[in-house]
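User: I should like to learn how strand pairing and backbone angles are read from a model. Please give the general idea before each case.

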Amino acid sequence: NRNDSDIFVIPAAGGTPRRITTANGDEGQLTWSPDSRRIAFTASPMRTASTRIFVVDAAGGTPENLLGDWQYEPEQLNWLPDGRLIFAASIGGRTALLSLDPTTKKPVELLSGRRRLSGFDWDGDGKTMVYVATSLTKPTELFIASADGQGERQLTRFNDKLNSEIAWSDAERF
């Protein structure tokens, strides 16, 4: 295994970089905890291992694997002001958005369906999110929902004319 990248912390005013991680592989998708005391990131502990979500103290220490042997790989990691980590994962040809409480370490599905979701972003207090969704029968549009996945609403209608002219073929799952 190679150690291609590590996490360093540098004071905003400048100074000497301080190394936080030294594990093999690539750490990525860094996100600060709301209290700025911890950093969450994704990494693969070994070249052939699945990507996991880790949390480490900003002062240094041993990173903690929050996903254990969960079978899917996290993408688009964010830490919300309420303390939950939010991430997407590809699950059986669809995208799910999940929350993860760092204390319970149990992923909970917030958004799903037979579609691909991407481009997640949250408002400043982490209570509302926007994202892009597309499926075999519905071309890409922008959606909004509360941070718990409730109250989903479509914001754009770019493809309404196209949808009225085309009978989209759905795929059969097997």
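Analyst: Two strands pair if DSSP finds at least two bridges between them. Strands are DSSP runs of E with at least two residues, numbered from the N terminus. This is a predicted model, in which local features need pLDDT of at least 70, side-chain atom pairs count only at pLDDT 80 or more, and totals for chains, interfaces and linings use all residues. Residues are numbered from 1 along each chain as its sequence is written, and side-chain values use heavy atoms, with hydrogens and water left out.

User: In which sense do S5 and S6 pair?

Analyst: Strand S5 (residues 52-57) pairs with S6 in the antiparallel sense, over two bridges. Val55 has Glu64 of S6 as its bridge partner.

User: What is the order of the strands in the open sheet?

Analyst: The order of the four strands is S3-S4-S5-S6, with antiparallel pairing. S3 (28-32) and S6 (64-65) are the edge strands; each has a single partner strand, so one side of each lacks a neighbour in the sheet.

User: How should a phi value be read?

Analyst: Most residues other than glycine have a negative phi. Ser36, which is not a glycine, has a positive phi near 60°. Ser36 belongs to the loop between S3 and strand S4 (38-43).

User: Which residue in strand S7 is a further case?

Analyst: Gln76 lies in S7 (residues 74-79). Gln76 is not a glycine, yet its phi is positive, at about 55°.

User: How exposed is Ser36, and how exposed is Gln76?

Analyst: Buried means under 20% relative accessible area, exposed means over 50%, and partly exposed lies in between (1.4 Å probe, protein chains only). Ser36 is partly exposed at 48%, and Gln76 is partly exposed at 26%.
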